[in-house]
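Hi,

Here is the model I said I would pass on. Have a look at it first, and my notes follow underneath.

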Amino acid sequence: MRIILLGAPGAGKGTIAKMLTDYDGSVQISTGDILRGAVKGATELGEKARGYMERGELVPDSLIMEIMESRLQEPDCRKGFILDGFPRTIPQADALKNLLQKLHLKLDRVINLDVPRDVILDRLTTRRTCSNPNCQEIYNVKSKPPTPDGKCKKCGSPVIQRADETEEAITKRLETYNEKTAPLIQYYRKEGSLKNISSTSSDEIFNNIKATLKAG
Ligand code: ADP
């Protein structure tokens with residue numbers, strides 16, 4: 001499948017993307033994960049992106065498109081891809097449209113994960129992430145805690161709170177989402193490719209997406 005997952009920070013895009021890749025072998029492409037990897041590795045890209053990310057602002061579209069242009073041409077994308085956290089702005093969506101045309105690829109669906117704001121806020125402040133860049137398992141101090149000494153249950157690495165998950169950065173990320181990313185819902189609705197799913201249960205969302213894709 002080739003799909004875009006839309007939704008506010010904390011809507012569950014990463015969790016759903018992982019379920020979908022396990023299901024059909026397509027790859028999850030998370031621009032957030034790619035950027036965090038670059039920051040950690042102190043690459044040129046990472047150095048350019050770091051400040052924006054720590055403030056909860058968006059990284060410039062041109063940098064993101066550079067990343068995506070090469071990422072979508074890697075061989076593992078032939079089985080399909082789940083775009084998680086991209087596109088984030090109308091210019092990115094326009095650029096993606098051109099890129100997909102150039103690569104002769106067609107999207108199956110754009111899925112919007114529609115989750116109430118109070119649920120989002122609660123999730124973001126209680127979220128923890130495995131620090132191993134090859135794992136990145138997501139935990140929640142209330143509903144899915146790591147081991148009692150704060151280690152990942154999958155790979156044993158320390159589980160951490162992301163630098164952009166302080167209350168100030170979270171508020172900024174949600175504002176940025178409302179201003180820059182939420183207009184994409186209408187953008188894809190107009191194109192006729194949008195499927196809106198209002199649910200907070202990942203199993204229910206997963207089943208709903210499978211049914212949508214089967215229905216064509
Ligand atoms: P979340 O969806 O939880 O905010 P992500 O992991 O998707 O987190 O992104 C983390 C940060 O990386 C964003 O706050 C932003 O600074 C940057 N980022 C990720 N994807 C994009 C994108 N497509 N365009 C611009 N900035 C991005």
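Let me begin with a proline: Pro87 sits in the loop that links E3 to helix H5 (90-102). Helices (H or I, at least four residues) and strands (E, at least two) are DSSP runs, numbered from the N terminus. The peptide bond leading from Phe86 into Pro87 is cis, with omega near -5°. Another backbone detail is at His104, in the loop between H5 and E4: its phi is near 55°, a positive value in a residue other than glycine.

Before you go further, please keep in mind that this is a predicted model, where local features need pLDDT of at least 70, side-chain atom pairs count only at pLDDT 80 or more, and totals for chains, interfaces and linings use all residues. Residues are numbered from 1 along each chain as its sequence is written, and side-chain values use heavy atoms, with hydrogens and water left out.

Now the sheets. One is an open sheet of five strands in the order E2-E3-E1-E4-E8, with parallel pairing; two strands count as paired if DSSP finds at least two bridges between them. Strand E2 (27-30) and strand E8 (194-198) are the edges, each pairing on one side only. From one strand to the next, the twist averages 20°. E2 and strand E3 (residues 81-84) run parallel and are joined by four bridges, and Val27 has Phe81 in E3 as its bridge partner.

Two helices pack on this sheet. H2 touches E2 and E3, and its direction makes about 65° with that of E2. Helix H8 (residues 183-191) touches strand E1 (2-6), strand E4 (109-114) and E8, at about 145° to E1. Contact here means heavy atoms within 4.5 Å; axes are lines fitted to C-alpha atoms, for helices over the stretch in contact, and angles run from 0 to 180 degrees between N-to-C directions.

There is also an open sheet of three strands, E6-E5-E7, and its pairing is antiparallel. Its edge strands are strand E6 (138-140) and strand E7 (159-160), each of which pairs on one side only. Three bridges join strand E5 (residues 127-130) to E6, and Thr129 stands opposite Ile138 in E6. Helix H6 (residues 117-126) lies across E5 and E6, running at about 45° to E5.

Then the ligand. Which residues come nearest? Of the 19 around the ligand, they are Thr31, Arg36, Glu57, Gln92 and Arg173; a residue is near if one of its heavy atoms lies within 4 Å. By class, that shell has seven nonpolar, four polar and eight charged residues. (Ala, Val, Leu, Ile, Met, Phe, Trp, Tyr, Cys and Pro count as nonpolar, Asp, Glu, Lys and Arg as charged, and the others, Gly among them, as polar.) Helix H2 (residues 31-40) gives the most to the shell, with four residues.

As for polar contacts (pairs of N or O atoms within 3.5 Å), a backbone N or O atom of Glu57 lies 2.5 Å from an oxygen atom of the ligand. Val59 also uses a backbone N or O atom, 3.0 Å from a ligand nitrogen. With Arg162 a side-chain N or O atom is involved, 3.3 Å from an oxygen atom of the ligand. The protein covers 96% of the 550 Å² of accessible area that the ligand has on its own, by the Shrake-Rupley method with a 1.4 Å probe.

Cheers

Definitions and conventions. Polar contact = N/O pair within 3.5 Å; in protein donor to acceptor, adjacent residues only side chain to side chain.
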